[in-house]
Amino acid sequence: MMADGSFKRIVDVKKGDYVNTGFSGDQGLVTEVLSHDVSKKVKVGVLPTPFGDLVGTPDHPIYFNNEWVEFSEMLNYKAREDEDMGYPFELKGSLQRQYVHVFYNLEIDGDDEPGLSSHSYVVNGIIASGLGDNHVLNSMFARQKFWKASE
């Protein structure tokens, strides 16, 4: 989701665009658009959303239930009755093997002083990490098991 509330496919987002970060109406500047050539069958997470299926790497960080988790951890989630999520919901995603030509990712506010931004963006209604391939940001804000193990 773009900062102005419009929608754009991630493949169409450009460096310099502003996106909705998913946090308190904040917007973030796209500082890098990353495309990783895959061109083979790989394991992906698939989560149906009202905006279409969200397909991503199982370890991509997603902000969910007030914390950063890897995408695969939220694929089959059912809110407990005592859990106040603001609305009842159930997620029914799956891990699948699919042919992927390219994986896209965004780096958000990568040129800013670390910590001034949530470094995130909204895709298909889900808040995704926007640390991109930035080693400094990934080290400072360890949102994936790989980076957490490096701490």
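These are my notebook entries on confidence, the main pocket, the nonpolar cores, the aromatic pairs and two backbone angles.

**Confidence**

I began with how far the coordinates can be trusted, since this is a predicted model. The mean pLDDT of the protein is 82, and 83% of the residues score at least 70. I then looked up the extremes by element: strand 1 has the highest confidence, at 94, and helix 2 (residues 145-149) the lowest, at a mean of 63. Where pLDDT is low, predicted coordinates should not be read in detail. I kept that in mind for helix 2, with its mean of 63.

**Largest pocket**

I looked up the volume of the largest pocket and found about 960 Å³. Its lining is made up of 40 residues. Nearest the pocket centre I noted I10, V55, Y104, Y121 and V123. By class, the lining residues are 24 nonpolar, eleven polar and five charged.

Which strands supply at least two residues of this lining? I listed strand 3 (52-56), strand 4 (61-64), strand 8 (94-108), strand 9 (120-123) and strand 10 (126-129). Strand 8 contributes the most, with seven residues.

**Nonpolar cores**

I next went to the largest nonpolar core, which has 20 residues. The members that touch the most others are L47, I62, F64, F71, M74 and Y121. Two or more residues of this core come from each of strand 2 (27-49), strand 4, strand 8, strand 9 and strand 10. I also found a second core, separate from that one, with six residues, among them V38, V42, V100 and F103. As a general note, nonpolar side chains in soluble globular proteins tend to be buried together.

I cross-checked Y121 between the two lists. It is among the residues nearest the centre of the largest pocket, and Y121 is also one of the core members with the most contacts to other members.

**Aromatic pairs**

I searched the whole structure for aromatic pairs and got three. In the F23 and Y63 pair the ring centres are 4.8 Å apart and the planes stand at 65°, so I recorded it as edge-to-face. F23 sits in the loop between strand 1 (18-20) and strand 2, while Y63 is in strand 4, so this pair ties together parts 40 residues apart in sequence. Y63 also pairs with W68: their ring centres are 5.2 Å apart and the planes are at 65°, so this pair is edge-to-face too. I entered F23, Y63 and W68 as one aromatic cluster.

Is W68 buried or exposed? Its relative accessibility is 18%, so W68 counts as buried. Y63 has 24%, so I put it down as partly exposed. The cut-off I applied for buried is under 20%.

**Positive phi**

I checked the backbone for positive phi outside glycine and noted N65, with phi near 55°. N65 lies in the loop between strand 4 and strand 5 (67-70). Its relative accessibility is 29%, so N65 is partly exposed.

I noted D109 as well, which is not a glycine and has a positive phi of about 55°. D109 is in the loop between strand 8 and strand 9. Its relative accessibility is 7%, so I entered D109 as buried.

Notes. Residues are numbered from 1 along each chain as its sequence is written. This is a predicted model: local features need pLDDT of at least 70, side-chain atom pairs count only at pLDDT 80 or more; totals for chains, interfaces and linings use all residues. Side-chain values use heavy atoms; hydrogens and water are left out. On a 1 Å grid over the protein atoms alone, a cavity is a set of points where a 1.4 Å probe fits but cannot get out, and a pocket is an open set with protein on both sides within 12 Å along at least five of seven lines; lining residues have an atom within 4 Å of a point. Grid points are joined across faces, edges and corners, and a volume is the space filled by probe spheres set on the points. Helices (H or I, at least four residues) and strands (E, at least two) are DSSP runs, numbered from the N terminus. Ala, Val, Leu, Ile, Met, Phe, Trp, Tyr, Cys and Pro count as nonpolar, Asp, Glu, Lys and Arg as charged, and the others, Gly among them, as polar. A nonpolar core is a set of buried Ala, Val, Leu, Ile, Met, Phe, Trp, Tyr and Cys residues joined through side-chain atoms within 4.5 Å. Buried means under 20% relative accessible area, exposed over 50%, partly exposed in between (1.4 Å probe, protein chains only). Rings of Phe, Tyr and Trp (its six-membered ring) pair if their centres lie within 6.5 Å; planes under 30 degrees apart count as stacked, over 60 as edge-to-face and the rest as tilted. pLDDT is the predictor's confidence in each residue, from 0 to 100.
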